[in-house]
Each structure stands twice: as structure tokens, then as C-alpha cells.
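The following exercises concern a single protein chain. Each task is followed by a solution that proceeds step by step. Please attempt each task before reading its solution.

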Amino acid sequence: MSTFIEPAPTATALLLLGQGSDASSEKGVDCPGELPAASDPGLVARARAAKEALGDRLFVLGHHYQRDEVIQFADVTGDSFKLAQQAAARPEAEFIVFCGVHFMAESADILTGDDQAVILPDLAAGCSMADMAARRQVDECWDLLTDLGLAEDVVPITYMNSSADIKAFVGEHDGLVCTSSNAERALRWAFARGRKVLFLPDQHLGRNTAVRDLGFDLSDCVTYNPHKPGGGLTPEELRDAKMILWRGHCSVHGRFTLDSVREVRDRVPGVNVLVHPECRHEVVAAADMVGSTEYIIKALDAAPAGSAWAIGTELNLVRRLAGAHPDKQVMFLDKTICYCSTMNRIDLPHLVWSLEELVAGRVPHRITVDADTAHHAKVALDRMLALP
């Protein structure tokens, strides 16, 4: 079986790997105290020693998109929602070190006890998609819908990949949170309660779910641009729409194109194209299978030996799947490097620094959500958990 072919490096490869920083635009890149050098040959041993010293007081969560050097120290791996659930299921853990991004750590803080500390090893590990919807912008959108007499017919849904502020907004306005695994159930729940859905912040997941799973037409969907007056839409467009999609996207999954799908089909006869629903609609429509990160992993586990797979999701996960399935031909859907740049900010030096700070009795980079925001966000999360 063919070995995994690493995508070609690009001019931005170092940035995408989380190396280098822009002090004027990034927060939390520098750590108080000395950050171990990435070249330190003792980093693995130091991480193991710190974990052993902390024992049951520590629980390390690792998202599927993390580097292998970090994921090896995770007590549990998973997608963002699974990890938040796992954090909530460990009330005995004093410290939850979340190797993921900021919105994931926020969700963990919301779902864990006040006596537990959620730590993000590098505060620069944010999410460009989550940053595309600010609470002020969403409030302005809701005010517009209210002025048009539409708000009472709109149920807001936010993707898990959103800030605590946006989850709280949804909780306050009788909506819920969804994941890429339960987006269809969330939309059916919403349309049983209203005639329209405001879907935040990923337009592609909202559009793909509405069209693929609910049978809507593309014309039923409009895209609200928070940077344009009225969202760039006429009152008539807002009145006619069933799905009001926020103009947000994943910077990783948005890179995959229809040309990528066509090229791999021409190059590898019989290849199965498997993509994440955060991809553009034309990519999803051309794929053989579509699903969340957990779905993608299970699909590869169940695939027959000798089968060929082109996978459209973050490169760290695809490379890991290729290594786990040497009997299958696993390839990355794009030809160039496509890491999640912010997820890759969590590297082994930052993890070691965080663990050693805890051993020394200091709690670094604790993520906390204020009580009012946490309350309303948890309402929206609990509604999701109650979905049939």
C-alpha cells in the first residue's frame, strides 16, 4: 500500500505550524517565566515527569487537530464537544489542561465545577471562525430582524465553534448550540419552533445541513455579512429566507475546492472522497461521504483494506489516520500544507511550560467565563444535550 505523501510546503508553512509571532496582533504568545526551547531534547521526559507529579489532579484533553508531539500526552482525544463532555465527567480533576483552542476551553469551563481550573497552554490558540461573530455584531443583526418584525419567527443556532458570548446570546433567545454531528437534529428542532433559523457562525455547515439533510434549496439560504449595512441583504431577502447564514467559515476547510476533488478522482481511480461539512457546498456535493471528525475517524476504521481515501480536513488528523491504517491508501485532499494555524500554537514547549507551572503551584493561562455569560451559554448547551 502507498505511503502517505506529505503535501508540499508553502511560503506560509512556518506560520501555519504556529512558529513565529506578531506581537502587535497576537495575545498571549509570550509566557511569564521561561518557555522551553523547541529543540530541548528533554521535553518529552519533562512532560512525563510533570504529569506523574500531578497525578489524578491533572486531566489533559487533546483535540484531533493537535500535533502528534502534544496528542501523545492527552488522556482523552476527541472533537470539541466530546472533550468538553469529558472535562465535565472528571469532577475529581483539579486542573483541566485543554490542548485545543480558546472557545473549547471556554466550553470546558462552563461545564466544569468552580473548583476546577481550565488551562489553555497558549492564549494565542484562538479560532478564526469563532472570531468572525462578535456579540455586538450579532446583537445588531437581531435588532434588524426585530425592526423588520421577523425576530419572533427566528430561532438562533450557533455552532460549537463559537465564543461563550455567542452561545449566551443563543441561550437568551431560545436557541441552542449544535455540533457537526447533530446539526440536522438541531435544525429540525429549530424549525419545529420557528419559520427561520439564524445560523452562526459557519455559513457552510448551515448551508450544507439545510440542503443535504433537510432538502432545502440553495435559494432558501441567504448570507448575512456583518460588515455591510443590513447585512448586505434587502428586507425582502430576509423575509423570504428560511436560513439566515452568518458570513463565517473555517480557514482550513474553506481551502478545499472542487478542483481538488476532480484532480484526485482523475489521479486515483476508485478513490473515496471524505470531507468535513465545514467545506464549501460544491465540495460537499461532489464528495462521497461527509461528516464530523469523529465520523471521519470511524469511516476509516470501518473501511476495507486496500481502499483509497482522499480526506478533506486538517492535516494533522489526516496524517495520523494514514499512520493508523497502513493497509489503506490515505491521502490529503489538498496538495499544499493546510494546518489549523491557531490549533498548532499548542506545541510541546507550551504544554511542558503549563504542566511545570502547575507542579510549581502556579496556575497559568486559566480560562474563565463570567457567571452570567456561563449561565446563558449553559442553557443553550443543555438544550443541545436534550435533543432527541
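**Exercise 1. The lining of the largest pocket**

Task: Determine how many nonpolar, polar and charged residues the lining of the largest pocket has, and state which elements give two or more residues to that lining.

Solution.
1. The model is a predicted one. Sorted by class, the pocket lining consists of 10 nonpolar, 4 polar and 5 charged residues.
2. The volume of this pocket, the largest, is about 350 Å³. Of its 19 lining residues, H102, F103, E106, D131 and S163 are the closest to the centre.
3. Two or more lining residues come from each of α5 (102-111), α6 (128-131) and α8 (164-172). The largest share belongs to α5, with 3 residues.
4. Domain 1 (40-127 + 343-369) and domain 2 (130-250) each supply at least three residues to the lining.

**Exercise 2. The domains**

Task: State which domains the assignment gives, and how many residues of domain 1 are in contact with domain 2.

Solution.
1. The assignment divides the chain into domain 1 (40-127 + 343-369), domain 2 (130-250) and domain 3 (253-339). Domain 1 is thus written as two segments.
2. Between the C-alpha centres of domain 1 and domain 2 there are 31 Å.
3. Contact between these two domains involves 9 residues of domain 1 and 9 residues of domain 2.

**Exercise 3. The largest cavity**

Task: Find how much space lies in the largest cavity, and which residues lie nearest its centre.

Solution.
1. Counting cavities of 30 Å³ or more gives 1.
2. The space in the largest cavity amounts to about 310 Å³.
3. Its lining comprises 28 residues, and those nearest the centre are H63, Y65, M104, N161 and E278.
4. The elements α4 (80-88), α5 and α6 each give two or more residues to this lining.
5. By class, the cavity lining has 13 nonpolar, 12 polar and 3 charged residues.

**Exercise 4. The open sheet**

Task: Give the order of the strands in the open sheet of 5 strands, and explain why one side of β6 and of β8 is left without a neighbour in the sheet.

Solution.
1. The strand order is β6-β5-β7-β9-β8, and the pairing is parallel.
2. β6 (176-178) and β8 (221-224) are at the edges and have a single partner strand each; therefore one side of each lacks a neighbour in the sheet.
3. On average, and with direction ignored, neighbouring strands are turned by 30° against each other.
4. For one pair in detail, consider β5 (residues 154-159), which is joined to β6 by 3 bridges in the parallel sense. Within this pairing, T158 has V177 of β6 as its bridge partner.
5. Helix α10 (residues 203-213) lies across β5, β6, β7 (196-200), β8 and β9 (243-246). The helix runs at about 155° to β9.

**Exercise 5. Two features of the backbone**

Task: Identify which residues a cis peptide bond joins, and state in which loop D174 lies.

Solution.
1. The cis peptide bond is between L200 and P201, with an omega of about -25°.
2. P201 belongs to the loop between β7 and α10.
3. D174 is located in the loop that runs between α8 and β6.
4. Although D174 is not a glycine, its phi is positive, at about 65°.

Methods
Residues are numbered from 1 along each chain as its sequence is written. This is a predicted model: local features need pLDDT of at least 70, side-chain atom pairs count only at pLDDT 80 or more; totals for chains, interfaces and linings use all residues. Side-chain values use heavy atoms; hydrogens and water are left out. On a 1 Å grid over the protein atoms alone, a cavity is a set of points where a 1.4 Å probe fits but cannot get out, and a pocket is an open set with protein on both sides within 12 Å along at least five of seven lines; lining residues have an atom within 4 Å of a point. Grid points are joined across faces, edges and corners, and a volume is the space filled by probe spheres set on the points. Helices (H or I, at least four residues) and strands (E, at least two) are DSSP runs, numbered from the N terminus. Ala, Val, Leu, Ile, Met, Phe, Trp, Tyr, Cys and Pro count as nonpolar, Asp, Glu, Lys and Arg as charged, and the others, Gly among them, as polar. Domain bounds come from an automatic or database domain assignment. Two strands pair if DSSP finds at least two bridges between them. Axes are lines fitted to C-alpha atoms, for helices over the stretch in contact, and angles run from 0 to 180 degrees between N-to-C directions. Contact means heavy atoms within 4.5 Å.
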